[in-house]
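Here is my note on the model, as requested. Please read it with the structure open.

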Amino acid sequence: MIATKRPNGRPKPAEPVPETAVRALVRAFGLLERVQQPYWAGFGISGSQWGVLRALYRAETESVMPQTSGLRLTDLSERLLIRPPSVTGVVDRLQRAGLVMRGASSGDLRSKQVSLTPHGRQLVEQVLSGHRSRLNLLLSGLSGAEQTKLHQLLVRWSEHLEKLARKSS
């Protein structure tokens with residue numbers, strides 16, 4: 001339980017830690033999004049679009065067979081933990097902007113493979129050139145040890161949430 005004071009100086013009733021922890025996490029994510037929106041807008045994209053572009057770039061650079069680079073929409077959805085219709089909307093906007101293209105999937109003719117265009121690849125590389133300094137700025141409110149601890153806690157909690165997600169599906 002956490003006891004805090006109201007603006008009038010009187011103590012607030014104590015709230016359970018799980019509730020305040022989740023609320024603090026939601027607030028932090030909201031603030032992160034607010035800080036990042038103008039950053040992404042400077043590149044002409046949204047945070048959601050960056051997620052898709054980055055996932056495609058990773059798939060391309062990790063591919064042992066460059067001609068098969070790209071991802072199916074369902075694979076993108078799974079990697080980004082976003083519902084397929086949402087991914088489709090983001091990909092549609094990226095395609096209209098000339099940053100991605102769709103083609104037939106080599107393994108499944110019914111599905112489409114999404115890959116970066118040369119312009120999309122160039123944009124990702126432009127963002128990545130300053131990405132490390134941006135991440136450092138975002139986390140500069142924490143010491144190195146705190147950043148490490150935050151990472152460890154988030155990984156552990158993500159593993160727990162993945163188990164809960166598997167149970168509920």
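The points below go from the overall fold to the core, two single residues and the pockets.

1. Status and fold. This is a predicted model. The protein has seven helices and three strands. Along the sequence the order of elements is α-α-β-α-α-β-β-α-α-α.

2. Overall numbers. The protein has 169 residues, and 24% of them count as buried. Its exposed surface is about 11900 Å². Carbon and sulfur atoms supply 58% of that area. Among contacts with a separation of 6 or more, 46% join residues 24 or more positions apart.

3. Nonpolar core. In soluble globular proteins, nonpolar side chains tend to be buried together. Here the largest nonpolar core holds 23 residues. Which of them touch the most other members? They are Leu 53, Leu 56, Leu 76 and Val 100. Five elements are listed as giving two or more residues to this core: helix H1 (17-41), helix H2 (47-62), helix H4 (84-96), strand E3 (112-116) and helix H5 (118-129). H2 gives the most, with seven residues.

4. Val 100. This core residue deserves a look of its own. Setting aside neighbours within four places in sequence, Val 100 is in contact with Leu 53 and Leu 56. Its other partners under that rule are Val 91, Leu 94, Gln 95, Val 114, Ser 115, Leu 116 and Thr 117. Leu 53 and Leu 56 also stand, like Val 100, among the core residues that touch the most other members.

5. His 131. Is His 131 buried or exposed? The cut-off for buried is under 20% relative accessible area. His 131 has 15%, so it counts as buried. It sits in helix H6 (residues 131-139). Beyond neighbours within four places in sequence, His 131 is in contact with Tyr 39, Trp 40 and Trp 50.

6. Leu 128. This residue lies in helix H5. Its relative accessibility is 24%, and partly exposed covers the range between 20% and 50%, so Leu 128 counts as partly exposed. Leu 128 touches Trp 50, Arg 54 and Tyr 57, not counting residues up to four places away in sequence. Trp 50 is thus a partner of Leu 128 and also of His 131. Leu 128 and Arg 54 are 74 residues apart in sequence. Their C-alpha atoms are 9.3 Å apart in space.

7. Largest pocket. Rolling a probe the size of a water molecule over the atoms shows where empty space is left. The largest pocket has about 1600 Å³ of space. Its lining has 35 residues. Phe 29, Leu 32, Gln 36, Leu 135 and Leu 138 lie nearest its centre. The elements that give two or more residues to this lining are H1, H2, H6 and helix H7 (144-168). H1 provides the largest share, ten residues. By class, the lining divides into 20 nonpolar, eleven polar and four charged residues.

8. Second largest pocket. How much space lies in the second largest pocket? About 200 Å³. Its lining is made up of Leu 81, Ser 158, Leu 161, Glu 162, Ala 165 and Arg 166. By class, that gives three nonpolar, one polar and two charged residues.

Note on methods. Residues numbered from 1 in each chain as written. Predicted model: local features only at pLDDT ≥ 70, side-chain atom pairs only at ≥ 80, totals over all residues. Heavy atoms only, no water. Helix = DSSP H or I, 4+ residues; strand = E, 2+ residues; numbered from the N terminus. Buried < 20%, exposed > 50% of the residue type's maximum accessible area, 1.4 Å probe, protein only. Contact = heavy atoms within 4.5 Å. Areas by Shrake-Rupley, 256 points an atom, 1.4 Å probe, with all protein chains shown as cover. Core = buried A, V, L, I, M, F, W, Y, C linked by side-chain atoms within 4.5 Å. 1 Å grid on protein atoms, 1.4 Å probe; cavity = no way out; pocket = protein on both sides within 12 Å on 5 of 7 lines; lining within 4 Å. Points joined across faces, edges and corners; volume = space filled by probe spheres on them. Nonpolar A, V, L, I, M, F, W, Y, C, P; charged D, E, K, R; others polar.
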